[in-house]
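Subject: Structure for you to look through

Dear colleague,

I am handing over the structure we talked about, and below it you will find my notes on what turned up. Please keep the structure open beside the text while you read.

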Amino acid sequence: MLFCVYVSKMSEKIKILKGFSKKSPEEKLLLAAGLCADPDAAAVELRSFHHQNKDIQKILSGISENTISNYPLPYNIAPNFLINGQVYIVPMVIEESSVVAAASAAARFWAGRGGFRAKTGKLIKKGQLHFLYAGDRNKLKGAMPSIVSHLKQSTRTLTQNMERRGGGVASVELNDRQNLLDNYFQLDVRFDTRDAMGANFINSVLEEYAVALETFFNQKEGFDERDFEPLMAILTNYNDECLVEVSVSCDVDALGDAAGTVSADDFLRRFVMAVNIAESDVYRAATHNKGIMNGVDAVILATGNDFRAIEAGAHAWAARSGQYRSLSKVNLTGKQFTFSLEMPMALGTTGGLTHLHPLAARSLEILGNPDARTLMMIAGAAGLANNFAALRSLVTTGIQTGHMRMHLSNILLQLKASPGETAHVESHFANKKVSYQAVARYLEKLRKHAT
Ligand code: MEV
(Lines give C-alpha, C1' and ligand atoms only; values in the text may rest on other atoms or scores of the structure.)
Protein backbone atom coordinates (compact mmCIF):
# COMPACT_ATOMS: atom_id res chain seq x y z
CA MET A 1 0.00 0.00 0.00
CA LEU A 2 2.71 2.41 1.07
CA PHE A 3 4.66 1.45 -2.02
CA CYS A 4 1.67 2.25 -4.30
CA VAL A 5 1.29 5.69 -2.75
CA TYR A 6 4.97 6.36 -3.25
CA VAL A 7 4.93 5.22 -6.88
CA SER A 8 1.91 7.29 -7.76
CA LYS A 9 3.37 10.38 -6.08
CA MET A 10 6.62 9.86 -7.95
CA SER A 11 4.91 9.32 -11.30
CA GLU A 12 3.04 12.61 -10.88
CA LYS A 13 6.41 14.31 -10.74
CA ILE A 14 8.55 12.29 -13.17
CA LYS A 15 7.78 12.51 -16.86
CA ILE A 16 9.51 10.91 -19.81
CA LEU A 17 11.94 13.62 -20.85
CA LYS A 18 12.84 14.54 -24.41
CA GLY A 19 16.19 16.20 -25.13
CA PHE A 20 17.37 15.61 -21.57
CA SER A 21 21.00 15.33 -22.61
CA LYS A 22 20.86 18.86 -24.07
CA LYS A 23 19.87 20.42 -20.74
CA SER A 24 22.56 22.29 -18.85
CA PRO A 25 24.17 20.65 -15.79
CA GLU A 26 22.34 23.15 -13.56
CA GLU A 27 18.98 22.30 -15.18
CA LYS A 28 19.66 18.62 -14.62
CA LEU A 29 20.65 19.28 -11.02
CA LEU A 30 17.42 21.23 -10.42
CA LEU A 31 15.39 18.47 -11.99
CA ALA A 32 16.80 15.87 -9.60
CA ALA A 33 16.62 18.26 -6.62
CA GLY A 34 12.95 18.88 -7.49
CA LEU A 35 12.23 15.24 -6.58
CA CYS A 36 13.38 15.76 -3.01
CA ALA A 37 11.23 16.88 -0.09
CA ASP A 38 13.12 20.18 0.12
CA PRO A 39 14.27 20.99 -3.44
CA ASP A 40 16.16 24.16 -2.46
CA ALA A 41 18.15 22.39 0.25
CA ALA A 42 18.80 19.46 -2.07
CA ALA A 43 20.08 21.77 -4.81
CA VAL A 44 22.37 23.52 -2.34
CA GLU A 45 23.69 20.20 -1.10
CA LEU A 46 24.27 18.79 -4.58
CA ARG A 47 26.12 21.98 -5.57
CA SER A 48 28.16 21.89 -2.36
CA PHE A 49 29.88 18.73 -3.60
CA HIS A 50 31.07 20.42 -6.81
CA HIS A 51 34.82 20.77 -6.81
CA GLN A 52 35.94 24.30 -5.95
CA ASN A 53 38.53 24.14 -8.72
CA LYS A 54 36.54 24.56 -11.95
CA ASP A 55 39.17 22.80 -14.07
CA ILE A 56 39.00 19.72 -11.87
CA GLN A 57 35.19 19.79 -11.92
CA LYS A 58 35.37 19.94 -15.70
CA ILE A 59 37.49 16.79 -15.72
CA LEU A 60 35.17 14.99 -13.29
CA SER A 61 32.04 16.00 -15.23
CA GLY A 62 33.69 14.93 -18.46
CA ILE A 63 34.30 11.39 -17.18
CA SER A 64 30.62 10.43 -17.25
CA GLU A 65 27.32 11.80 -18.51
CA ASN A 66 24.53 13.79 -16.87
CA THR A 67 26.84 14.61 -13.97
CA ILE A 68 25.10 16.82 -11.45
CA SER A 69 27.46 16.50 -8.49
CA ASN A 70 30.33 14.41 -7.13
CA TYR A 71 29.95 11.49 -4.77
CA PRO A 72 32.90 11.45 -2.38
CA LEU A 73 34.09 8.19 -0.87
CA PRO A 74 36.80 7.97 1.79
CA TYR A 75 40.30 7.96 0.33
CA ASN A 76 42.43 5.92 2.74
CA ILE A 77 45.94 4.58 3.00
CA ALA A 78 47.07 1.21 4.35
CA PRO A 79 50.73 1.25 5.42
CA ASN A 80 53.35 -1.49 5.81
CA PHE A 81 52.68 -3.55 2.70
CA LEU A 82 55.98 -5.37 2.21
CA ILE A 83 55.78 -6.88 -1.27
CA ASN A 84 58.80 -8.62 -2.83
CA GLY A 85 61.07 -6.76 -0.42
CA GLN A 86 59.64 -3.30 -1.10
CA VAL A 87 57.41 -1.41 1.32
CA TYR A 88 54.30 0.33 -0.02
CA ILE A 89 51.73 2.64 1.46
CA VAL A 90 48.63 1.52 -0.40
CA PRO A 91 45.83 3.94 -1.30
CA MET A 92 42.39 2.35 -0.89
CA VAL A 93 39.04 3.89 -1.78
CA ILE A 94 36.22 2.11 0.00
CA GLU A 95 33.03 2.86 1.86
CA GLU A 96 33.06 -0.21 4.11
CA SER A 97 34.40 0.49 7.57
CA SER A 98 37.12 -1.84 8.85
CA VAL A 99 38.48 -2.93 5.43
CA VAL A 100 41.42 -0.54 5.61
CA ALA A 101 42.08 -1.28 9.27
CA ALA A 102 41.98 -5.01 8.47
CA ALA A 103 44.32 -4.63 5.47
CA SER A 104 46.76 -2.54 7.53
CA ALA A 105 46.76 -5.00 10.42
CA ALA A 106 47.37 -7.97 8.11
CA ALA A 107 50.07 -6.09 6.19
CA ARG A 108 51.84 -5.23 9.46
CA PHE A 109 51.55 -8.84 10.64
CA TRP A 110 53.06 -10.25 7.46
CA ALA A 111 55.71 -7.52 7.19
CA GLY A 112 57.22 -9.13 10.29
CA ARG A 113 57.24 -12.51 8.55
CA GLY A 114 58.88 -11.77 5.22
CA GLY A 115 55.96 -9.93 3.66
CA PHE A 116 54.06 -10.83 0.49
CA ARG A 117 55.73 -12.66 -2.36
CA ALA A 118 54.08 -11.87 -5.66
CA LYS A 119 54.53 -12.64 -9.32
CA THR A 120 52.83 -12.17 -12.65
CA GLY A 121 53.17 -14.18 -15.84
CA LYS A 122 52.10 -13.13 -19.30
CA LEU A 123 50.06 -9.94 -19.55
CA ILE A 124 47.77 -11.11 -22.32
CA LYS A 125 44.28 -9.57 -22.65
CA LYS A 126 41.73 -11.17 -24.90
CA GLY A 127 38.83 -10.21 -27.12
CA GLN A 128 36.44 -11.87 -29.48
CA LEU A 129 34.78 -11.15 -32.78
CA HIS A 130 31.60 -13.21 -32.74
CA PHE A 131 30.20 -13.92 -36.20
CA LEU A 132 28.06 -16.24 -38.27
CA TYR A 133 29.47 -17.82 -41.39
CA ALA A 134 27.19 -19.82 -43.66
CA GLY A 135 29.84 -20.73 -46.28
CA ASP A 136 32.21 -23.69 -46.44
CA ARG A 137 33.78 -23.93 -42.99
CA ASN A 138 36.82 -25.90 -44.19
CA LYS A 139 37.58 -23.23 -46.74
CA LEU A 140 37.25 -20.65 -43.98
CA LYS A 141 39.67 -22.54 -41.76
CA GLY A 142 42.11 -22.99 -44.67
CA ALA A 143 42.05 -19.26 -45.42
CA MET A 144 42.98 -18.27 -41.86
CA PRO A 145 46.65 -17.41 -42.58
CA SER A 146 45.64 -14.97 -45.34
CA ILE A 147 42.71 -13.67 -43.22
CA VAL A 148 45.04 -12.93 -40.32
CA SER A 149 47.53 -11.10 -42.50
CA HIS A 150 44.67 -9.11 -44.12
CA LEU A 151 43.25 -8.18 -40.67
CA LYS A 152 46.65 -7.09 -39.39
CA GLN A 153 47.33 -5.07 -42.53
CA SER A 154 43.91 -3.38 -42.37
CA THR A 155 44.33 -2.30 -38.77
CA ARG A 156 47.94 -1.13 -38.94
CA THR A 157 47.01 2.51 -38.23
CA LEU A 158 45.26 1.41 -35.03
CA THR A 159 47.99 -0.91 -33.82
CA GLN A 160 51.24 0.80 -34.82
CA ASN A 161 51.49 2.94 -31.67
CA MET A 162 51.02 -0.09 -29.43
CA GLU A 163 53.52 -2.03 -31.57
CA ARG A 164 56.07 0.77 -31.12
CA ARG A 165 55.63 0.26 -27.34
CA GLY A 166 56.34 -3.45 -27.76
CA GLY A 167 52.70 -4.60 -27.67
CA GLY A 168 49.94 -5.20 -30.21
CA VAL A 169 48.03 -8.22 -31.42
CA ALA A 170 49.72 -11.38 -30.13
CA SER A 171 47.59 -13.95 -31.98
CA VAL A 172 44.36 -14.43 -33.90
CA GLU A 173 42.63 -17.79 -33.94
CA LEU A 174 39.45 -19.10 -35.46
CA ASN A 175 37.20 -20.88 -33.04
CA ASP A 176 34.43 -23.06 -34.48
CA ARG A 177 31.49 -22.78 -32.05
CA GLN A 178 28.80 -24.45 -34.15
CA ASN A 179 28.19 -26.73 -31.19
CA LEU A 180 26.56 -23.67 -29.56
CA LEU A 181 24.77 -22.08 -32.47
CA ASP A 182 24.39 -22.79 -36.19
CA ASN A 183 27.15 -21.17 -38.25
CA TYR A 184 28.67 -19.58 -35.16
CA PHE A 185 32.41 -18.78 -35.17
CA GLN A 186 34.68 -16.58 -33.14
CA LEU A 187 37.92 -14.87 -33.85
CA ASP A 188 39.76 -15.20 -30.56
CA VAL A 189 42.28 -12.41 -30.41
CA ARG A 190 45.06 -12.12 -27.83
CA PHE A 191 46.52 -8.69 -27.13
CA ASP A 192 49.58 -7.34 -25.41
CA THR A 193 48.60 -3.86 -24.24
CA ARG A 194 51.74 -3.24 -22.18
CA ASP A 195 50.97 -1.02 -19.16
CA ALA A 196 47.51 -0.04 -20.38
CA MET A 197 44.38 -1.93 -19.47
CA GLY A 198 43.71 -1.44 -23.17
CA ALA A 199 39.93 -1.80 -23.31
CA ASN A 200 39.44 0.92 -25.95
CA PHE A 201 42.36 -0.32 -27.99
CA ILE A 202 41.08 -3.91 -27.96
CA ASN A 203 37.49 -2.99 -28.80
CA SER A 204 38.56 -0.65 -31.62
CA VAL A 205 40.76 -3.32 -33.20
CA LEU A 206 38.02 -5.94 -32.91
CA GLU A 207 35.39 -3.68 -34.49
CA GLU A 208 37.80 -2.92 -37.31
CA TYR A 209 38.39 -6.66 -37.74
CA ALA A 210 34.65 -7.09 -38.43
CA VAL A 211 34.84 -4.54 -41.24
CA ALA A 212 38.09 -5.98 -42.60
CA LEU A 213 36.73 -9.54 -42.56
CA GLU A 214 33.74 -8.47 -44.63
CA THR A 215 36.09 -6.82 -47.15
CA PHE A 216 38.14 -10.02 -47.26
CA PHE A 217 35.08 -12.16 -48.09
CA ASN A 218 34.01 -9.59 -50.65
CA GLN A 219 37.35 -9.49 -52.44
CA LYS A 220 38.65 -13.04 -52.13
CA GLU A 221 37.95 -15.51 -54.90
CA GLY A 222 35.71 -18.37 -53.69
CA PHE A 223 34.16 -16.40 -50.77
CA ASP A 224 30.94 -14.45 -50.62
CA GLU A 225 30.43 -11.66 -48.09
CA ARG A 226 26.74 -12.56 -47.95
CA ASP A 227 27.74 -15.70 -46.01
CA PHE A 228 29.19 -13.49 -43.27
CA GLU A 229 27.26 -11.81 -40.49
CA PRO A 230 29.28 -10.07 -37.79
CA LEU A 231 27.47 -10.28 -34.46
CA MET A 232 29.56 -8.45 -31.88
CA ALA A 233 33.12 -7.39 -31.24
CA ILE A 234 34.20 -7.02 -27.63
CA LEU A 235 37.00 -7.79 -25.18
CA THR A 236 36.50 -10.48 -22.57
CA ASN A 237 36.98 -9.74 -18.90
CA TYR A 238 37.96 -13.34 -18.36
CA ASN A 239 41.69 -12.64 -18.54
CA ASP A 240 43.01 -16.09 -17.77
CA GLU A 241 46.39 -15.19 -19.25
CA CYS A 242 46.83 -12.09 -17.13
CA LEU A 243 47.16 -13.59 -13.68
CA VAL A 244 48.72 -12.45 -10.47
CA GLU A 245 49.90 -14.80 -7.73
CA VAL A 246 50.47 -13.56 -4.19
CA SER A 247 51.41 -15.55 -1.14
CA VAL A 248 52.49 -15.24 2.46
CA SER A 249 54.33 -17.98 4.25
CA CYS A 250 55.90 -18.66 7.63
CA ASP A 251 56.78 -21.35 10.10
CA VAL A 252 53.66 -22.34 12.06
CA ASP A 253 55.39 -21.36 15.30
CA ALA A 254 55.65 -17.80 13.97
CA LEU A 255 51.87 -17.61 13.60
CA GLY A 256 51.48 -17.37 17.35
CA ASP A 257 50.24 -13.82 17.72
CA ALA A 258 47.78 -14.20 14.84
CA ALA A 259 45.67 -16.32 17.09
CA GLY A 260 44.48 -13.77 19.68
CA THR A 261 42.65 -15.64 22.41
CA VAL A 262 42.74 -18.98 20.55
CA SER A 263 45.81 -21.24 20.82
CA ALA A 264 48.13 -21.21 17.78
CA ASP A 265 47.32 -24.86 16.99
CA ASP A 266 43.62 -24.24 17.16
CA PHE A 267 43.93 -21.11 15.10
CA LEU A 268 45.76 -22.97 12.37
CA ARG A 269 43.34 -25.89 12.40
CA ARG A 270 40.34 -23.57 12.21
CA PHE A 271 41.94 -21.30 9.57
CA VAL A 272 42.73 -24.25 7.29
CA MET A 273 39.19 -25.61 7.69
CA ALA A 274 37.73 -22.21 6.86
CA VAL A 275 39.70 -21.95 3.59
CA ASN A 276 38.89 -25.53 2.65
CA ILE A 277 35.21 -24.95 3.23
CA ALA A 278 35.38 -22.02 0.79
CA GLU A 279 37.04 -24.41 -1.69
CA SER A 280 33.96 -26.61 -1.80
CA ASP A 281 30.90 -24.70 -0.62
CA VAL A 282 29.60 -22.07 -2.99
CA TYR A 283 27.73 -20.08 -0.32
CA ARG A 284 30.89 -19.71 1.72
CA ALA A 285 33.08 -19.25 -1.38
CA ALA A 286 31.11 -16.21 -2.54
CA THR A 287 31.56 -14.44 0.81
CA HIS A 288 35.17 -15.57 1.17
CA ASN A 289 35.94 -14.11 -2.26
CA LYS A 290 34.00 -10.96 -1.41
CA GLY A 291 36.45 -10.47 1.42
CA ILE A 292 39.31 -10.71 -1.10
CA MET A 293 37.62 -8.22 -3.41
CA ASN A 294 37.25 -5.77 -0.51
CA GLY A 295 40.99 -5.19 -0.71
CA VAL A 296 41.40 -5.62 -4.46
CA ASP A 297 38.55 -3.28 -5.45
CA ALA A 298 39.65 -0.57 -3.03
CA VAL A 299 43.08 -0.40 -4.71
CA ILE A 300 41.55 -0.60 -8.16
CA LEU A 301 39.19 2.29 -7.44
CA ALA A 302 41.99 4.37 -5.92
CA THR A 303 44.11 3.90 -9.05
CA GLY A 304 41.38 4.67 -11.58
CA ASN A 305 40.99 1.12 -12.85
CA ASP A 306 37.75 -0.72 -13.67
CA PHE A 307 36.73 -2.75 -10.63
CA ARG A 308 33.69 -4.29 -12.37
CA ALA A 309 36.00 -5.78 -14.99
CA ILE A 310 38.24 -7.29 -12.33
CA GLU A 311 35.24 -8.56 -10.35
CA ALA A 312 33.77 -10.26 -13.44
CA GLY A 313 37.10 -11.90 -14.30
CA ALA A 314 37.75 -12.96 -10.72
CA HIS A 315 34.42 -14.73 -10.36
CA ALA A 316 34.72 -16.41 -13.77
CA TRP A 317 38.19 -17.63 -12.70
CA ALA A 318 36.78 -18.85 -9.38
CA ALA A 319 34.31 -20.99 -11.35
CA ARG A 320 36.79 -22.31 -13.94
CA SER A 321 36.56 -25.90 -12.69
CA GLY A 322 32.79 -25.90 -13.19
CA GLN A 323 32.24 -25.14 -9.52
CA TYR A 324 32.61 -21.72 -7.94
CA ARG A 325 35.47 -21.94 -5.44
CA SER A 326 37.69 -19.88 -3.18
CA LEU A 327 40.26 -17.74 -4.98
CA SER A 328 42.75 -18.31 -2.18
CA LYS A 329 44.33 -21.51 -0.97
CA VAL A 330 46.07 -22.69 2.15
CA ASN A 331 48.90 -25.16 2.36
CA LEU A 332 50.51 -26.78 5.33
CA THR A 333 53.63 -28.77 4.54
CA GLY A 334 55.47 -29.88 7.63
CA LYS A 335 55.71 -26.75 9.71
CA GLN A 336 55.40 -24.36 6.76
CA PHE A 337 52.12 -22.44 6.52
CA THR A 338 51.43 -20.83 3.14
CA PHE A 339 48.39 -18.79 2.23
CA SER A 340 48.09 -17.79 -1.42
CA LEU A 341 45.87 -16.11 -3.96
CA GLU A 342 45.80 -16.45 -7.72
CA MET A 343 43.42 -14.45 -9.87
CA PRO A 344 43.14 -12.54 -13.15
CA MET A 345 44.05 -8.89 -12.76
CA ALA A 346 44.04 -6.91 -16.01
CA LEU A 347 45.10 -3.50 -14.71
CA GLY A 348 46.61 -0.48 -16.34
CA THR A 349 48.88 2.27 -15.11
CA THR A 350 48.60 4.37 -18.26
CA GLY A 351 45.53 5.43 -20.22
CA GLY A 352 41.92 5.39 -19.11
CA LEU A 353 41.27 7.25 -15.88
CA THR A 354 44.67 6.46 -14.42
CA HIS A 355 46.06 9.91 -15.14
CA LEU A 356 42.86 11.77 -15.96
CA HIS A 357 41.42 11.51 -12.47
CA PRO A 358 43.70 13.64 -10.28
CA LEU A 359 43.45 11.28 -7.31
CA ALA A 360 44.07 8.18 -9.42
CA ALA A 361 47.28 9.82 -10.64
CA ARG A 362 48.13 10.74 -7.05
CA SER A 363 47.56 7.15 -5.91
CA LEU A 364 49.96 5.90 -8.55
CA GLU A 365 52.49 8.48 -7.44
CA ILE A 366 52.10 7.35 -3.80
CA LEU A 367 52.81 3.81 -5.03
CA GLY A 368 55.98 5.00 -6.79
CA ASN A 369 54.40 5.09 -10.28
CA PRO A 370 54.31 1.31 -10.68
CA ASP A 371 54.06 -0.49 -14.00
CA ALA A 372 51.01 -2.68 -14.60
CA ARG A 373 52.73 -5.81 -13.23
CA THR A 374 53.60 -4.10 -9.96
CA LEU A 375 50.11 -2.66 -9.55
CA MET A 376 48.64 -6.15 -10.13
CA MET A 377 50.85 -7.46 -7.31
CA ILE A 378 49.89 -4.61 -4.97
CA ALA A 379 46.16 -5.11 -5.58
CA GLY A 380 46.60 -8.86 -5.14
CA ALA A 381 48.45 -8.34 -1.86
CA ALA A 382 45.63 -6.09 -0.62
CA GLY A 383 43.16 -8.85 -1.52
CA LEU A 384 45.13 -11.53 0.30
CA ALA A 385 45.65 -9.23 3.30
CA ASN A 386 41.92 -8.60 3.64
CA ASN A 387 41.16 -12.28 3.17
CA PHE A 388 43.65 -13.22 5.89
CA ALA A 389 42.30 -10.56 8.25
CA ALA A 390 38.68 -11.60 7.69
CA LEU A 391 39.42 -15.30 8.25
CA ARG A 392 41.54 -14.55 11.28
CA SER A 393 38.61 -12.68 12.85
CA LEU A 394 36.03 -15.21 11.74
CA VAL A 395 37.80 -18.20 13.29
CA THR A 396 38.75 -16.36 16.49
CA THR A 397 36.71 -13.44 17.83
CA GLY A 398 34.15 -13.20 15.02
CA ILE A 399 34.01 -10.12 12.82
CA GLN A 400 31.34 -8.20 14.66
CA THR A 401 33.62 -6.89 17.42
CA GLY A 402 35.74 -4.95 14.95
CA HIS A 403 32.80 -4.03 12.72
CA MET A 404 30.77 -2.76 15.63
CA ARG A 405 33.60 -0.49 16.78
CA MET A 406 33.65 1.10 13.32
CA HIS A 407 29.86 1.10 13.16
CA LEU A 408 29.74 2.92 16.49
CA SER A 409 32.15 5.57 15.30
CA ASN A 410 30.03 6.09 12.14
CA ILE A 411 26.89 6.47 14.27
CA LEU A 412 28.66 8.95 16.54
CA LEU A 413 29.70 10.94 13.50
CA GLN A 414 26.13 10.99 12.20
CA LEU A 415 24.86 12.11 15.60
CA LYS A 416 27.55 14.82 15.70
CA ALA A 417 28.90 13.63 19.06
CA SER A 418 31.57 15.82 20.66
CA PRO A 419 34.91 14.22 21.64
CA GLY A 420 33.72 14.07 25.29
CA GLU A 421 30.43 12.41 24.33
CA THR A 422 32.30 10.00 22.04
CA ALA A 423 34.52 8.85 24.91
CA HIS A 424 31.46 8.31 27.17
CA VAL A 425 29.51 6.41 24.53
CA GLU A 426 32.49 4.24 23.54
CA SER A 427 33.13 3.20 27.09
CA HIS A 428 29.41 2.55 27.71
CA PHE A 429 29.13 0.35 24.60
CA ALA A 430 32.47 -1.44 25.09
CA ASN A 431 30.65 -4.68 25.96
CA LYS A 432 27.15 -3.93 24.68
CA LYS A 433 25.32 -4.47 21.45
CA VAL A 434 25.57 -1.42 19.18
CA SER A 435 22.56 -0.18 17.24
CA TYR A 436 21.70 3.27 15.94
CA GLN A 437 18.67 3.53 18.23
CA ALA A 438 20.56 2.40 21.32
CA VAL A 439 23.38 4.87 20.71
CA ALA A 440 20.97 7.71 19.89
CA ARG A 441 18.97 7.03 23.09
CA TYR A 442 22.11 6.91 25.22
CA LEU A 443 23.48 10.10 23.69
CA GLU A 444 20.16 11.87 24.21
CA LYS A 445 20.25 10.89 27.88
CA LEU A 446 23.84 12.13 28.17
CA ARG A 447 22.91 15.44 26.56
CA LYS A 448 19.86 15.86 28.85
CA HIS A 449 22.00 15.30 31.90
CA ALA A 450 24.56 17.78 30.67
CA THR A 451 21.96 20.62 30.41
C1 MEV B 1 32.83 -8.45 4.75
O2 MEV B 1 32.92 -7.34 3.90
C3 MEV B 1 33.79 -9.53 4.27
C4 MEV B 1 33.69 -10.85 5.03
O5 MEV B 1 32.36 -11.32 5.01
C6 MEV B 1 34.61 -11.81 4.31
C7 MEV B 1 34.53 -13.23 4.80
O8 MEV B 1 33.48 -13.63 5.32
O9 MEV B 1 35.53 -13.94 4.61
C10 MEV B 1 34.09 -10.68 6.47
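Both F81 and F116 are buried, and they are a good place to begin, with the reminder that this is a predicted model. The rings of F81 and F116 form a stacked aromatic pair, with 5.5 Å from centre to centre and 20° between the planes. F81 belongs to strand β1, whereas F116 sits in the loop between α5 and β3, so that the pair links distant parts of the chain, 35 residues apart. In the whole structure, a search finds 20 aromatic pairs.

Another of these pairs is made by F271 and F388, whose ring centres are 5.5 Å apart and whose planes meet at 45°, so the pair is tilted. Because F271 lies in helix α10 (residues 264–280) and F388 in helix α14 (residues 372–394), the pair ties together parts that are 117 residues apart in sequence. F271 and F388 are both buried, and they also belong to one aromatic cluster, which includes F109, W110, F267, F337 and F339 as well. A charge comes into the picture at F109, since the charged end of R113 sits over the ring of F109, 3.6 Å from its centre. A similar arrangement can be found at W317, where the charged end of R320 sits over the ring, 3.8 Å from its centre.

Strand β1, which carries F81, runs antiparallel to β2 and is joined to β2 by 7 bridges. The two strands form a hairpin with 2 residues between them, and N84 in the turn has a positive phi of about 50°. Across this pairing, F81 stands opposite Y88 in β2.

Strand β1 also has a part in the surface, where Y75, I77, I89, L359 and I366 make a nonpolar patch of about 410 Å². At least two residues of this patch come from β1 (75–83), and at least two from α13 (358–366). One of the patch residues, I366, lies in helix α13 and is partly exposed, with a relative accessible area of 37%.

The charged side chains come next: how many salt bridges does the structure hold? There are 18 salt bridges in the structure, and three of them are worth following one by one.

In one, K290 pairs with E96, the closest N and O atoms being 2.7 Å apart. This pair links distant parts of the chain, with K290 in helix α11 (residues 282–302) and E96 in the loop between β2 (86–93) and α5 (99–111), 194 residues apart.

In another, K122 and E241 meet at 2.9 Å, N to O. Here too distant parts are linked, because K122 is in the loop between β3 (117–120) and β4 (124–133) and E241 is in the loop between β7 (228–235) and β8 (243–251), 119 residues apart. Are K122 and E241 buried or exposed? K122 counts as exposed, at 51% relative accessibility, whereas E241 counts as buried, at 18%, because buried means under 20% relative accessible area.

The last one is K448 with E444, where the closest N and O atoms are 3.7 Å apart. Both residues lie in helix α17 (residues 436–450), 4 residues apart, which is about one turn of the helix. K448 is exposed, at 60%, while E444 is partly exposed, at 47%. Finally, salt bridges that share partners join K122, K126, R190, D240 and E241 into one network.

With best wishes

Conventions. Residues numbered from 1 in each chain as written. Predicted model: local features only at pLDDT ≥ 70, side-chain atom pairs only at ≥ 80, totals over all residues. Heavy atoms only, no water. Patch = residues over 30% accessible without salt bridge, like charges linked within 9 Å, V, L, I, M, F, W, Y side chains within 5 Å. Areas by Shrake-Rupley, 256 points an atom, 1.4 Å probe, with all protein chains shown as cover. Salt bridge = Lys/Arg side-chain N within 4 Å of Asp/Glu carboxyl O. Buried < 20%, exposed > 50% of the residue type's maximum accessible area, 1.4 Å probe, protein only. Pairing = 2+ DSSP bridges. Phe/Tyr/Trp six-rings, centres within 6.5 Å; stacked < 30°, edge-to-face > 60°. Lys NZ or Arg CZ within 6 Å of the ring centre and 35° of its normal.
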